[in-house]
Amino acid sequence: MIRRAVLLVVAVACGRPETIEPSRAVPFGGYSELALDPTPKGHRRMVPPEVYLRAYLTWFGGLSPAQVFQKARGRKLFDQWADYLVALGLPDYAIDAPRAAQSNTVMLAAMGRLGEALCVRSVEHDLRGRPDKRAVFAFEPIANPSRDEFASRFDTLHRTFLSYPARLAPADRVDRFYALYRSVAARHASGLLSADESGWAAVCAALVQHPETGLY
Amino acid sequence: MKRPLALACLACLVFANDGTRADRTTAAKTLADYRYFRALSIDLVGRPPLVDELAAYEQPDFVLDRWLDKQLASPEYAERITRVYLDLLRLEVPQSVLFHTASTDLQATHVLDPNGRDVTLYFRQAQRRRNAAIDGQVCFTEDESGLKVPHDAAAIGSPKPIPKALWDARTVLVKPWWLYADYRAKDPQDRASPDWVQRFGGFELMQELFVERDKTPMTAVRVCREEAQTAEQGKVFVTGRTNVKGPVPAGRLTRPPSDSRFAIANSGKLVSCITDNGVKSSAECGCGIGLERCLPSGPPGFMMPTEAPLGVREPFQKTARPAHLWMRTWWTEEASHFMARIFEDDRDVRELLTSRATTVNGPLALFYRTMSNSRCCGDVADLFGYTTPEPLFDPAAVPANVVVQDTTTWVTIADRGPHAAGLMTMPIFLLKYGTRRQRAHAVYSTFLCKDFVANNVKLQPSQEPDLTKRPGCATCHTRLEPLAAYFTRIPEGNWTYLPPALFPISLDRCKQDPKNMHSGCKIYYDPAFTSTSHTVLRGAHASPHNADAGPQGLATEITSSPEFAPCVVKNVAESLLGRPLTAEDGAWQTAMAKTFVDGGFRMRALVRAIVTAPAYRDVNDQRSGR
């Protein structure tokens, strides 16, 4: 037994060494360069009230504040500028009041009201007026648009208020706004605005009040 | 907004370097690209991009650098950066701060002319007249007009027609500056009309100022004869009345003026009619040609913007106000235009404090030419021989061809005078920050980004008048008092200059027992630092050297400080990033400051560096919901 064991050890120890074939070098998969962004981050900034007002006048077709007041008032859509200005967070240097750094409910309500006035008046002006004079609804309106017909027109509004094409927005954005359009149009078939006009006014007002409009 | 370091690190995003930057114009734009372009447009154009601007941005030939060059030379960019400093300095004063001076206030009242017609009569309450019965009040007695006229209020009594001889002797018709654009001409013809709003871009009068009550065109205004005088100088006269006491004479609301010390000392001598002294001591000093040295305090007929967040050229609300409030509007506008010019022309930012230049429009030209010295020099000024103002803004520097009604044309004046120092010597700054310490603090915090904070200091009772030495107070005042001393020669709440030759730091004749100090000395020399052997000009005790260096000395100290450039970077970057800079931004802030200094302290290069930096482009936390 012992002799066999010794022979086995000798045989193993003196035997031909086992050879291992070197493998070929294979590059690591899935490699790409990544850059670390070390810059401090913050919440999105509020669009300064001066910028909001300038944009508002521009959306109204580049009118002066007095002209906007004249055009927007009527049917209690628009009160006085002074009522809104104080709510938008402008600074008052005379009394050392700083500009508002955060939104508040009064500010959002004021922006909502301004948005509604803009959208209703723009519907009346753009969709019933000369095509070359359209400021907000700069597209050819059609009655009861399909989803695709809506999407191309919605993109114009999306670019106007949010400054980027709707295709880059979250995937369901067009569908949600189309649903809003159809819902409002269905419920406002009669009134001062037609069903389609009401639908577009609602879409416009929703975009003006969208958080992305007031932030950057 | 401050975040702990760990949170900030968590917020750091890892971006694949996939070429999504906005300047990669050949690639399809990503959402991040659009958002970056929108941010640039908001900050440099003053509004989000228009649809056609977005379309241009999407074109392969769009070059961001070229677009930036264009925007960084635009008035909108200048307005944006000006807003940074307006937010910091807040150069407006509340309604309660009025530009009311005895020499400029032209009060309107109503009297009945010889035909029994209700006529608006303009007069100055402080106007000196040879006739003792009407000296220092409206030019008719109660017996003559049936009225007593209080200061800034409606007349009291029952009006009666004024006899014609008296009417002709005491009043005269004048074509005033607010009614005629060519009021300095021999026969002014260019009368106010509704088209002036377009022609002069905002000079708008209510009808009360250019239409008579019977709706006929107003071609001139009725003024007391003394007020209508046009001489540049008048002879000082004395009445023999000194220290008038006792009951108010019948028919008057006030006692007639006493002879001032100045009048007694200078009787018969000529005095400048643009000064307070001239008006108060000479019956020959009127409101000048076309009443140009005066502002009608009524009726409130000057339309002025009361809500103008986008500038006075685009008012959201206008209200009719008296001329002195209207004039005050332009003081704020001067500072705003002065800053905008520096940014739009890409001048050295240090000029905000050092420049002797400024920018004026029509109303400001009128103010600086004829009214700005009306606060000089006071009853006791003669004690120091100060009767001719040494102005911060030399009236001779104002171009003669500026039409006073022209509110929209802004003219650059290269040199206001030897004492001018950027924003610091403008009336709006000196009124907003009325005291020497306020002025120093405003400059210190705005341009060095530092503040005076006393941590855990216990204030102890002390008799020490010097706050640089008083326990507790010294923590801040050791630094503040020498800075405040730079404003020693501009009295508090005023904008006249106290020349060193007349107001030395220490004046022998004011070295008195502080308890019995001469009232004139007390106005200018500080009783707290006065004894029989010593006195010091108010504000100068902490640094006589700084007092003589004046605001220009402060400008030099601040702009040569190593903290000046980083502070400019901090103010501008924080405004553009919408968040405070933190310690993590230190290296970047230093690099930006270097860019700023290397670029000759020009704002354009700095703003370009900021808005093209990752700190700006990637400023937002892109995670959902942020």
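Let me start inside a sheet, with one pair of residues: B:L121 has B:R222 as its bridge partner in β7(B). Please keep in mind as we go that this is a predicted model.

That pair belongs to a wider pairing. Strand β3 of chain B, residues 118-123, runs parallel to strand β7 of chain B, residues 221-224, and the two are joined over 2 bridges. On to the next partner of β3(B): β2 of chain B, residues 105-112, pairs with β3(B) in the antiparallel sense, this time over 6 bridges. If you'd like a residue to click on there, B:H110 sits opposite B:T120 in β3(B). β2(B) and β3(B) make a hairpin, with 5 residues between them. In that turn, have a look at B:G116, whose phi is positive, at about 80 degrees.

Now zoom out to the sheet as a whole. In chain B, 5 strands form an open sheet with mixed pairing, and the order is β6-β7-β3-β2-β10. Which strands stand at the edges? They are β6 (171-174) and β10 (295-296) of chain B; each has a single partner strand, so one side of each is left without a neighbour in the sheet.

A few words on chain B overall. Its secondary structure comes to 22 helices and 16 strands. The C-alpha trace of chain B spans about 95 × 70 × 40 Å along its principal axes. Of its 626 residues, 54% count as buried. And if we take contacts in chain B between residues at least 6 apart in sequence, 68% of them join residues at least 24 apart.

One buried residue I'd like to show you is B:N373, in the loop between α13 (362-371) and β14 (390-391) of chain B. Why does B:N373 count as buried? Because its relative accessibility is 5%, and the cut-off for buried is under 20%. Setting aside neighbours within four places in sequence, B:N373 is in contact with B:I274, B:T275, B:D276, B:P389, B:P391 and B:P395.

Let's finish with the interface. Here 57 residues of chain B are in contact with 46 residues of chain A. Together the two chains bury about 4800 Å², with 57% of that on carbon and sulfur atoms. On the chain B side, B:R38, B:R83 and B:F316 supply 13% of the area buried against chain A, more than any other three residues.

How many salt bridges does the rule find across this interface? There are 8 between chain B and chain A. One to look at joins B:E58 and A:R159, with the closest N and O atoms 2.7 Å apart. As for polar contacts between the two chains, the count is 15 residue pairs, both residues being at pLDDT 80 or more.

Which elements of chain B give two or more residues to the side that touches chain A? The list is β1 (14-16), α2 (31-44), α3 (51-57), α5 (75-89), α19 (564-577) and α22 (614-617). The largest share comes from α2(B), with 7 residues. By class, that side of chain B has 29 nonpolar, 6 polar and 22 charged residues.

That's my tour, and I'm happy to take questions!

Definitions and conventions: Residues are numbered from 1 along each chain as its sequence is written. Chains are lettered from A and ligands numbered from 1 in the order in which they are written. This is a predicted model: local features need pLDDT of at least 70, side-chain atom pairs count only at pLDDT 80 or more; totals for chains, interfaces and linings use all residues. Side-chain values use heavy atoms; hydrogens and water are left out. Contact means heavy atoms within 4.5 Å. Buried area is the accessible area (1.4 Å probe) that two parts lose on being put together, summed over both. A salt bridge is a side-chain nitrogen of Lys or Arg within 4 Å of a carboxyl oxygen of Asp or Glu. A polar contact is a pair of N or O atoms within 3.5 Å; within protein, one must be able to donate a hydrogen and the other to accept it, and residues adjacent in sequence count only if both atoms are side-chain atoms. Helices (H or I, at least four residues) and strands (E, at least two) are DSSP runs, numbered from the N terminus. Ala, Val, Leu, Ile, Met, Phe, Trp, Tyr, Cys and Pro count as nonpolar, Asp, Glu, Lys and Arg as charged, and the others, Gly among them, as polar. Two strands pair if DSSP finds at least two bridges between them. Buried means under 20% relative accessible area, exposed over 50%, partly exposed in between (1.4 Å probe, protein chains only).
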